[in-house]
Amino acid sequence: MQTKIILEFQHFHGCPNGPKLLKNVKKAIEGMTDVEFVETIVDTDEKAKKYRFRGSPTLLINGNDLEGLEAPENPSLTCRFYPKGLPNPEYIRLKITEAKKIE
């Protein structure tokens with residue numbers, strides 16, 4: 001029995017990298033029927049704490065950060081920096097496939 005993969009895209013409006021990563025995520029999941037996509041707007045400090053926000057934009061696969069970044073002790077509304085650049089669709093799809101094998 002195959003478990004559904006839950007992708008949670010966390011961001012706030014006005015984040016310059018949000019639309020770019022969202023586009024990459026949507027391209028990565030094209031044709032994947034076993035993936036549930038959830039968009040979470042994190043626009044207050046309270047929500048940042050609630051969601052243990054790692055910065056905008058963040059992609060979680062079954063609750064785990066795409067790049068393995070741990071949740072901060074003091075989450076806040078910040079932009080997220082990706083040292084190697086924004087994850088591309090191929091990388092995102094690979095991480096989803098890896099998550100399927102773990103489930």
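Is the crossing of helix 1 and helix 3 right-handed or left-handed? The crossing is right-handed, where right-handed means that the near helix is turned clockwise from the far one by less than a right angle, and left-handed anticlockwise.

This is a predicted model, in which local features need pLDDT of at least 70, side-chain atom pairs count only at pLDDT 80 or more, and totals for chains, interfaces and linings use all residues. Residues are numbered from 1 along each chain as its sequence is written, and side-chain values use heavy atoms, with hydrogens and water left out.

**View A. Helix 1 packs against helix 3.** Helix 1 covers residues 18-28 and helix 3 residues 89-102; helices (H or I, at least four residues) and strands (E, at least two) are DSSP runs, numbered from the N terminus. Their axes lie 8 Å apart at an angle of about 55 degrees. Axes are lines fitted to C-alpha atoms, for helices over the stretch in contact, and angles run from 0 to 180 degrees between N-to-C directions.

**View B. Residues where helix 1 meets helix 3.** Leu21, Asn24, Val25, Lys27 and Ala28 of helix 1 meet Pro89, Ile92 and Arg93 of helix 3. Contact means heavy atoms within 4.5 Å.

**View C. The open sheet of 4 strands.** The strand order is 2-1-3-4, with mixed pairing; two strands pair if DSSP finds at least two bridges between them. Strand 2 (35-41) and strand 4 (64-65) are at the edges with a single partner strand each, so one side of each has no neighbour in the sheet.

**View D. Strand 1 beside strand 3.** Strand 1 (residues 5-11) and strand 3 (residues 58-61) pair in the antiparallel sense over 4 bridges. Glu8 stands opposite Leu60 in strand 3.
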